[in-house]
Amino acid sequence: MADKRDFYELLGVGRDANDDQLKKAYRKMAKQYHPDANPGNKEAEAKFKEISEAYSVLSDSSKRKSYDQFGHAAFEQGGGGGYHGGMDMGDIFGSFFGGAMDIGDLFGSGRSRPRPRRGADLQMRVNIKFEEAVFGTTKEVQLQTYEACPTCNGSGSKPGTYP
């Protein structure tokens, strides 16, 4: 993979960088190159994908160990490392939004889910800052819900009659 740059070089950190240094470097670059901050800029989008891949590998101790030992070859099919099959974009977005997620959920892959998700019928608008969207946040909210009357099932009619 001669066309790939060194992950440490991409993030601007040394090979001895600790987790905090990696995270700080990644967040700075992610903010700078994020597609929402650079709409329509394909170069910024490509750079964002590169740094996201670099951070995904270097922030995971087992992937980092494989990368340090084998370089990019660790992630090629049949490579010497323990991680195969390329970059999983769901991992990247999961790190932003607090858990594993299907990339199709974000960009509409056209796949339908076999069953409705719990709470899918509830909606609430919550404003968050750009940094919170990129780096994750936890918000506590109160949501008012309504329950249908057990007697009339919400229709307002008496039992045995039609509304």
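**Notebook: salt bridges, helix 4 and a surface patch**

I counted the salt bridges, and the structure holds eight of them. I note that the model is a predicted one.

**Entry on Glu9 and Arg5.** I looked up the partner of Glu9 and found a salt bridge with Arg5, whose closest N and O atoms are 3.3 Å apart. Side chains of opposite charge can pair when their charged atoms come close. I then checked how accessible the two residues are. Glu9 is partly exposed, because its relative accessibility of 49% lies between the limits of 20% and 50%. Arg5 is also partly exposed, with a relative accessible area of 35%.

**Entry on Arg15.** Which side chain meets that of Arg15 in a salt bridge at 2.9 Å, N to O? I found that it is the side chain of Asp6. Asp6 is partly exposed at a relative accessible area of 22%, and Arg15 counts as partly exposed at 49%.

I looked further and recorded a salt bridge between Arg15 and Asp68, with the closest N and O atoms 3.5 Å apart. Arg15 lies in the loop between helix 1 (7–11) and helix 2 (19–33), while Asp68 lies in helix 4, so this pair ties together parts that are 53 residues apart in sequence. Asp68 is partly exposed, with a relative accessible area of 41%. Through shared partners, salt bridges join Asp6, Arg15 and Asp68 into one network.

**Entry on helix 4.** Having met helix 4 through Asp68, I examined its residues. The helix covers residues 61–70, and Lys63, Arg64, Ser66 and Tyr67 are buried in it. Why do the buried residues line one face of the helix? Seen down the axis of helix 4, they fall within an arc of 160°, so they line one face. An α-helix has 3.6 residues a turn, so residues three or four places apart point the same way. On the other side of helix 4, I found Ser61, Lys65 and Gln69 exposed. Just after the helix, Gly71 takes a positive phi of about 70°.

**Entry on the nonpolar patch.** I turned next to the surface. Leu122, Met124, Val126, Ile128, Val141 and Leu143 form a nonpolar patch there, with about 490 Å² of accessible area together. I took Ile128 as one of its members and asked where it is placed. Ile128 sits in the loop between helix 6 (103–107) and helix 7 (130–135). Its relative accessible area is 43%, so Ile128 is partly exposed.

Technical notes
Residues numbered from 1 in each chain as written. Predicted model: local features only at pLDDT ≥ 70, side-chain atom pairs only at ≥ 80, totals over all residues. Heavy atoms only, no water. Patch = residues over 30% accessible without salt bridge, like charges linked within 9 Å, V, L, I, M, F, W, Y side chains within 5 Å. Areas by Shrake-Rupley, 256 points an atom, 1.4 Å probe, with all protein chains shown as cover. Salt bridge = Lys/Arg side-chain N within 4 Å of Asp/Glu carboxyl O. Helix = DSSP H or I, 4+ residues; strand = E, 2+ residues; numbered from the N terminus. Buried < 20%, exposed > 50% of the residue type's maximum accessible area, 1.4 Å probe, protein only. Arc of directions from axis to C-beta.
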